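Here's a protein to walk through together, one piece at a time. Keep the viewer open as you read.

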Amino acid sequence: MVMNMYSHLSGGRANIQLLQEAAVREFVNILDRCEGTKAIIWDESLGGPVGLVARYTFLKEHHVTKMYPLRSEAWTDIDVKNIIFITRPHQTLMDYIANNIHEEERKRKVSRKEYFLYFLPKKSFLCEKRLQIKGVHGSLSYIGEFPCEFFPFDNDLLSMELKDAYKEIYIEGDTSSLHQSACALVALQKLYGRIPKVYGIGSYAQRVWEITKALTEEDGHIMNNEKGVIDQMFILDRSTDLMSVLATQLTYEGLIDEIFGINNTTVNLPAEKFNTGEGLSTERNTEKSQFILNSKEQLYAELRDKNFNAVGAVLSRMAKSIRSRANENHGEKSIQELKKFVESLPHIKSNEQSLATHTTIAELVQDVISSHAFLDVLGCEQEFLLCSDVDKPNSFIEDMIAKEAPLRSVLRLICMQSIAGTGLKPKVLDYYKRELVQVYGLKTLLTLGNLEKAGLLRQQTGSRTYHVLRKTLNLTAETPEEVSPKDITYVHSIYAPLSVRIIEQHLKPNGWQLLTEKLSSLPGPTFEDFQASPSLSNRRGSFTSELSQSDIPRVIVVFFIGGCTFAEISALRFLAQQDENNVEFIICTTKLINKNTFLDSFIENQAVIEKF
C-alpha cells in the first residue's frame, strides 16, 4: 500500500522513491525508539512536508495517536506515554518546547511522560544551549536528528521547503540555508552517487558548492564512489534572475498556485463548487475541499505544464473519450471483451471524477484571469518584459497607487520596471517612494529598504543587463505560441524564464563557453568544476569517459538557491520533452515560491513598525 501511494515518484532514471524510502526508514527509527502511545508536536513548517514521505496511516501503525503544531502556548491534556518534538533548529522554537515541557512537569503527579526531541535535518549546539538555559534539557530522554534534507514532491522535483531562505540571506544576513543546501547535496550524492560535472551562476551558488566540496572531502566516501546516475549539476543563485519570480505564471499549475496556493502538493478550494463523492478530494468541510496535485493523477500530469489557453482542448478531448466509451455497444462483445471492459470500469470512473474536478478548477481560474483587473495588470507587466517605457513613471502604476490597490501588486510592478531597466532613474525612484509613503503610510519605507537589499529595487547605474540579455538570449517572443509551443516562452506567454534559458543554452554543443561570455553582465561569478574519482584521476581521458554515454539521456540536477516557480519547472520539463536535448532533469530548490509568497517575505506589517 505504501509503495502504491508513492509509485509516482519512481518515473525517472534517478528513482526519487529511494529518497522517500530513506526518509521513512529514519522516521521508523525515531518512532520505534520509544514504546507505547506517542504524540508528535511538529514545528508548523514541517507538518506538511513530512506528510510527503509518511501519511497519517503510517503514523497510526507506529502508535502515534495525536499530532499537534508547536506553538508558544503549551498544549494541555496530551494523554500519551511519549511526546516527540520534531523541529527545525530555531531558537524561538526551543522556547515553545520549554513551555510545553514545563506545563507537563506541573502535572507530573497525574502522569509521567517521556520527551524526545529531533532536529531536522541537523542538531544545533545553540538550540541545545537554549534548552539548558530554559531548564528543560535534562527532561529530554533523547535528542537526535531526523536527516531529511529534501522532500519529494514528484518524480523530478525535490524541495527543502526552507521558508524565506532568500530573505534570510539578503535581509537578515543569515546564511545557514547555504550550509543546509550543501548538506542536502552531500545527502543526494550519498544516495545517487558522485556527480562528476558541476556548473553554477551567482556568488551564493558558488558558496554552496564550496561548502559541499569541503563536506565531501571530510566524508571521503562520496569521492571514492563510482559515478552515479546523475551526470551533471547546475546550481543557480536566485538573485541572478528575479524577473522570472515576479512575472505572472500562465501555466495551469502556476496559476493554481498564484491564485489559490499549492502547499506540499495540496490545494484548498471552495467546497460548494465541487460535487460530493469519491475522487481527488481528501478532506471536505463546509468551506474547503482539499485536493492532492501530483503526477499520480494522469490528467493532472498532462495539464499542469500547459499554458492555460491549451487546457480547454485537453479537457474537451478527454470528455469525448469518456462519452465514446460509455456509448459503446456491448451486445456483440465476447465474454473476454466484456470481462476486460468491466475491469476497466474503476479506471473510467476515476477519469470521470478527474475530469469533473479539473473542469471546475479551470472554471475557477478562468473567472480570475478573464477579469479586467487581471488583464490590465498583465498588460502592464508585459510592457516591462519587453523593455517598453521603463525610464519614466508608469501611468498604470500611478493609477493603482491613487486607487489604493493592494500594496503587493503595486510593488511587484515597480520592481519589474526596476529589473527591466536595470534600476530606476533616481527621480523616478524618489517619486514612487514619495507616492507610496503618502498613500500607504510610513511602514512602506521599511519594505522599500528590504526590496533594495534584496536587489529588487535599485537606482539605475548605466549598464542595461536585462535589455542586453533579452536580445542575446531571446527572452521574449513577439507573438505568443501558447497552445502548440515550440519554445519555453509559452509559460509566461511571451517571456522565457532567464534561469531556464540559461540551462537550455548550456545543453547545446560548447554551450557553457558561449554562455559565460553572454552572462558576464549578471551579478556574481559563473563557475564550473568536476569531481573525478581518485581511482580515475590519473588516467588520461577517464573523466571524459564518465560523461560520454551519448545514447542514454543525461540526468542533470538543477538546484535553485532561493526558490523556484512552477513556471520554471514547466519550462524545464518542456526542454526534457524535446528529443534533441536528450536530457532528464531533477529539479531541486530551497522552496517552491511564486510572486506573492516571494514578495510577502519582504513586506513589513504595521505590528513591526509599532515596535520602534
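Which side chains of strand β14 (residues 526-530) point to one face and are buried, and which point to the other? Phe527 and Asp529 are the buried ones, while Thr526, Glu528 and Phe530 point the other way and are not buried. Buried here means under 20% relative accessible area, exposed means over 50%, and partly exposed is in between (1.4 Å probe, protein chains only). That's the textbook pattern: in a regular strand the side chains alternate between the two faces of the sheet.

Some ground rules before going on. This is a predicted model, where local features need pLDDT of at least 70 and side-chain atom pairs count only at pLDDT 80 or more, while totals for chains, interfaces and linings use all residues. Residues are numbered from 1 along each chain as its sequence is written, and side-chain values use heavy atoms, with hydrogens and water left out.

Zooming out, the protein has 27 helices and 16 strands, taken as DSSP runs numbered from the N terminus (helices H or I, at least four residues; strands E, at least two). Of its 612 residues, 53% are buried. Take contacts (heavy atoms within 4.5 Å) between residues at least 6 apart in sequence: 78% of them join residues at least 24 apart.

Back to β14, which sits in an open sheet of 7 strands with mixed pairing, ordered β6-β7-β16-β15-β9-β8-β14. Two strands count as paired if DSSP finds at least two bridges between them. β14 and β6 (151-154) are the edge strands, each pairing on one side only, and the twist averages 20° from one strand to the next. Strand β8 (residues 197-201) runs antiparallel to β14, with 5 bridges joining them; Ile201 has Thr526 as its bridge partner there. With strand β9 (residues 232-237), β8 pairs in the parallel sense, also over 5 bridges, and Tyr199 is matched with Phe234.

Helices lie across this sheet too. α22 (residues 498-507) crosses β8, β9, β15 (554-561) and β16 (583-589) at about 150° to β9. For such angles, axes are lines fitted to C-alpha atoms (for helices, over the stretch in contact), and values run from 0 to 180 degrees between N-to-C directions. α25 (residues 566-577) lies across β6, β7 (157-159), β15 and β16, at about 165° to β16.

Now look at helix α9 (residues 203-219). Its buried residues are Tyr204, Ala205, Val208, Trp209, Thr212, Leu215 and Thr216. They fall within an arc of 140° seen down the axis, so they line one face of the helix; the arc is that of the directions from the helix axis to the C-beta atoms. On the other side, Glu217 and Glu218 are exposed. Right after α9 comes Gly220, with a positive phi near 80°.

There's a second sheet to find: 5 strands, open, all in parallel pairing, in the order β2-β1-β3-β4-β5. β2 (64-69) and β5 (140-145) each have a single partner strand, so one side of each is left without a neighbour in the sheet.

Finally, the core. The largest nonpolar core has 132 residues, and Phe27, Leu456 and Phe585 have the most contacts inside it. Such a core is a set of buried Ala, Val, Leu, Ile, Met, Phe, Trp, Tyr and Cys residues joined through side-chain atoms within 4.5 Å. Beyond its neighbours within four places in sequence, Leu456 touches residues including Leu242, Cys415 and Phe602.
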